[in-house]
Amino acid sequence: PALLVVVSAVLLREKLTRIQSVGIFVSFIGVMVIITGGSLAHLINLQINQGDVMMLGAITVWTIYSIVGKRLAQVPPITATALSALMAVGLLTPFALPQLVALHQLPPMAILGIVYIFLFPSVGSFIFWNVALREIDAGKAGIFLNLIPVFTAGINLLLGVPVTLVQITGGLLVFLGVYTTT
């Protein structure tokens, strides 16, 4: 999210007030508290692995997607989402072909799960994101991405994993930062 805010300020000339900058910083600190478990030692002893590199790549691609989406705000969100999906299919098909599984071999619940993931977290979230980009600055929309670790902790709580005081503190900082920014 911080990358999206910086890039949108530079490329799209989006203005940030001082209070919005403070909100972004507070929200970022909250995310870092959650991710590191409140221990700066995790940052000092940071060892980058393949998953970290993939996440940095995903953040970079999402930033580019958001900037392009903001510049193409006149395109209907459903069209932008369809074009994104078409490009993704084209790019990912060569990697997916070796992994093909016959659909008739999958249990009905697996097929239902795939359909659910396709409709809601995939297509639905992209449409809503593109609608948001039509209404507000990309940087302001990006601050809401800081809520992902907070909601992940909430889902863990629903699954019976206890939430720690550090996660609650980090989550409150994220909410405070998002509220301040918006």
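Which pattern does the protein chain follow when read along the sequence? Before selecting anything, bear in mind that this is a predicted model. Coloured by secondary structure, the protein chain reads α-α-α-α-α-α-α-α-α along the sequence, with nine helices and zero strands.

**The whole chain**

Start with the full view, in which the C-alpha atoms of the protein chain fill a box of roughly 55 × 45 × 30 Å along the principal axes. If you turn on a surface, you are looking at about 12,400 Å² exposed by the protein chain, 77% of it supplied by carbon and sulfur atoms. Of the 182 residues, 24% count as buried. Among the contacts with a separation of 6 or more, 85% are accounted for by residues 24 or more positions apart.

**Helices α1 and α4**

Next, select residues 2–11, which form helix α1, together with residues 50–71, which form helix α4; the two pack at an angle of about 40°, and their axes are 10 Å apart. Two packed helices are described by the angle between their axes and the distance between the axes. The crossing in which α1 passes α4 is right-handed. To see the contact itself, show the side chains of Leu3, Leu4, Val7, Ser8 and Leu11 on α1, and those of Ile59, Thr60, Thr63, Ser66, Ile67 and Arg71 on α4.

Stay in helix α1 and centre the view on Leu4. Leu4 has a relative accessible area of 1%, and it is therefore classed as buried, for which the cut-off is under 20%. Beyond its neighbours within four places in sequence, Leu4 is in contact with Thr63, Ser66, Ile67, Trp129, Ala138 and Gly142. As a distance to draw in the viewer, take the C-alpha atoms of Leu4 and Gln50, which are 46 residues apart along the chain and separated by 22 Å.

**Arg13 and the loop after α1**

Now move to Arg13, in the loop between α1 and α2. Arg13 is not a glycine, yet its phi is positive, at about 60°. Most residues other than glycine have a negative phi. With a relative accessible area of 63%, Arg13 is exposed.

**Thr36 in α2**

Follow helix α2, residues 18–36, as far as Thr36. Is Thr36 buried or exposed? Its relative accessible area is 8%, so Thr36 counts as buried. Apart from neighbours within four places in sequence, the residues to show around Thr36 are His42 and Leu43, with which it is in contact.

**Lys140 in α7**

Select residues 138–142, which make up helix α7, and pick out Lys140. Lys140 is partly exposed, its relative accessible area being 26%. A distance drawn between the C-alpha atoms of Lys140 and Gln20 reads 8.7 Å, although their positions lie 120 residues apart along the chain when counted from one to the other.

**A nonpolar patch on α6**

For the last stop, return to the surface display and select Ile111, Val115, Tyr116, Ile117, Phe118, Leu119 and Phe120, which make a nonpolar surface patch of about 680 Å². One of these residues, Tyr116, has its place in helix α6, residues 108–135. Tyr116 counts as partly exposed because its relative accessibility is 47%, a value that falls between the cut-offs of 20% for buried and 50% for exposed.

Methods
Residues numbered from 1 in each chain as written. Predicted model: local features only at pLDDT ≥ 70, side-chain atom pairs only at ≥ 80, totals over all residues. Heavy atoms only, no water. Patch = residues over 30% accessible without salt bridge, like charges linked within 9 Å, V, L, I, M, F, W, Y side chains within 5 Å. Areas by Shrake-Rupley, 256 points an atom, 1.4 Å probe, with all protein chains shown as cover. Salt bridge = Lys/Arg side-chain N within 4 Å of Asp/Glu carboxyl O. Helix = DSSP H or I, 4+ residues; strand = E, 2+ residues; numbered from the N terminus. Buried < 20%, exposed > 50% of the residue type's maximum accessible area, 1.4 Å probe, protein only. Axes fitted to C-alpha atoms, helices over the stretch in contact; angles between N-to-C directions. Left-handed = near helix turned anticlockwise from the far one by under 90°. Contact = heavy atoms within 4.5 Å.
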